[in-house]
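Got your viewer open and the selection box ready? Here's a short tour, stop by stop.

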Amino acid sequence: MSTFQAPKGTYDLLPPSSATYLAVREAIAAPLRNSGYGYVETPGFENVELFARGVGESTDIVTKEMYAFETKGGDKLALRPEGTASVLRAALEANLHKAGNLPVKLWYSGSYYRYERPQKGRYRHFSQVGAEAIGAEDPALDAELIILADQAYRSLGLRNFRILLNSLGDKECRPVYRAALQDFLRSLDLDEETLRRAEINPLRVLDDKRADVQKQLADAPLMPDYLCEACKAYHKEVRELLDAAGVVYEDDAKLVRGLDYYTRTTFEFVHDGLGSQSAVGGGGRYDGLSEMIGGPSLPSVGWALGVDRTVLALEAEGVDLQLPATTSVFAVPLGEEARRVLFGKVTELRKAGIATDFSFGGKGLKGAMKNANRSGARFTLVAGERDLAEGVVQLKDMESGEQGPVALDAIVSTLQAKLG
Ligand code: AMP
């Protein structure tokens, strides 16, 4: 062990379990790639103001959880706590929305940072795969994203997740609801901080997890009762499209989510095997965000799914992803001459697309075969001086135990045939 450890609230991904994380990222990305989403990558940090304005000055993410810092050059930056604001910033900066091809559909995968109180499923560094569809107001786009996330989770074999759905209204009806909710909250017996929150961001109070607060909220006015006609019609169509696609969801009138930019459709994927950190992913429509960060009006919708919690959900359901063995062939040289010859063959096999590894460090046969076993390779190639003198290597099938000589110049074609 070194003097150092991973910082609090972080952990390392190491083989073999790291392969599961890669597979989860890949499984979430696959339906997006298949649906017209292009890959976008933005820096790990941005101007701190982008998040303050984009995510919301009064959110926990901005007030408590952001890793903000000033550079030696005086720039005020923050490690990204989420992806949407950065992706929208990048799309606007590159004028993707002006190419006459709306919506701009983008997907991303990367690390995010929040200074949170660490616990199982809640880390200070975590990983998300996300999707954003920028510049179109169309219920089919909201439905598309929910369907793709559902597909991604199902393709991984997850079953015990639920989709919570709500509409947060728009700039017509939300202010009316906000005022009604505020009136109601002022009449409750709440602590000072919660009352303060009710003044700045009353919808967030609905999200309060404390039982005594939830009890008082039983008769709170609810957004669905305040939706204007346009928002009602929009939400109805999203629901009908999901129904037609056979995607099951639950209406949750109190679903607000922790970021301020959402309008209309909001949704969350929750997994029942995860305890308190049950949200595996979430998203919604953010029609006002572009203008909030200085862009034109670009109604948009997106989601982010958490890779860490998706892996925990797989564990909770006992799903074992069938990951292909990383190494197909393991080569074991016995002696100097064999090392040179076999190393050349390993390079040839790799060029032919066969995943091959080699026994390094001049190990004896016993130690090398231990490594071969551990690698999960289906075949081993063993060569000593006598084999080389005869122009062969010994090929061993690790499943059946069968072993026999193969001519040096037939190694690649023989293994290609055997591995299909
Ligand atoms: P949010 O941006 O808060 O809507 O988060 C989207 C998803 O990212 C959540 O559903 C989680 O799966 C994941 N996530 C957010 N914060 C954390 C965290 N601190 N640790 C692990 N995963 C997180």
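How many nonpolar, polar and charged residues does the shell around the ligand have? Select that shell and color it by class: five residues are nonpolar, four are polar and five are charged. Keep in mind that this is a predicted model.

Stay with the ligand. It is surrounded by 14 residues, and the closest are Arg114, Glu116, Tyr123, Gln128 and Arg257. Now show the backbone as sticks. At Tyr123, a polar backbone atom sits 2.8 Å from a nitrogen atom of the ligand. Hop to Gly281, where a backbone N or O atom is 3.0 Å from a ligand oxygen. At Gly306, a polar backbone atom lies 3.4 Å from an oxygen atom of the ligand. Switch on a surface next: the protein covers 92% of the 480 Å² of accessible area that the ligand has on its own.

Which strands should you highlight here? Try β6 (125-134), β10 (279-285) and β11 (300-306), each of which supplies at least two residues of the shell. The largest share, three residues, comes from β10.

Next stop: select 45-47, 68-70 and 76-79. These are β2, β3 and β4, and the three strands form an open antiparallel sheet in the order β2-β4-β3. β2 and β3 stand at the edges with a single partner strand each, so one side of each has no neighbour in the sheet. Neighbouring strands here are turned by 35 degrees against each other on average, ignoring direction.

Zoom in on β2 and β4, which are joined by three bridges; Phe45 has Leu79 as its bridge partner in β4. Finally, add residues 48-55: that's helix α2, lying across β2, β3 and β4 and running at about 80 degrees to β2.

Terms used: Residues are numbered from 1 along each chain as its sequence is written. This is a predicted model: local features need pLDDT of at least 70, side-chain atom pairs count only at pLDDT 80 or more; totals for chains, interfaces and linings use all residues. Side-chain values use heavy atoms; hydrogens and water are left out. Two strands pair if DSSP finds at least two bridges between them. Helices (H or I, at least four residues) and strands (E, at least two) are DSSP runs, numbered from the N terminus. Axes are lines fitted to C-alpha atoms, for helices over the stretch in contact, and angles run from 0 to 180 degrees between N-to-C directions. Contact means heavy atoms within 4.5 Å. A residue is near a molecule or strand if one of its heavy atoms lies within 4 Å of it. A polar contact is a pair of N or O atoms within 3.5 Å; within protein, one must be able to donate a hydrogen and the other to accept it, and residues adjacent in sequence count only if both atoms are side-chain atoms. Accessible areas come from the Shrake-Rupley method with a 1.4 Å probe; for residues, only the protein chains shown count as cover. Ala, Val, Leu, Ile, Met, Phe, Trp, Tyr, Cys and Pro count as nonpolar, Asp, Glu, Lys and Arg as charged, and the others, Gly among them, as polar.
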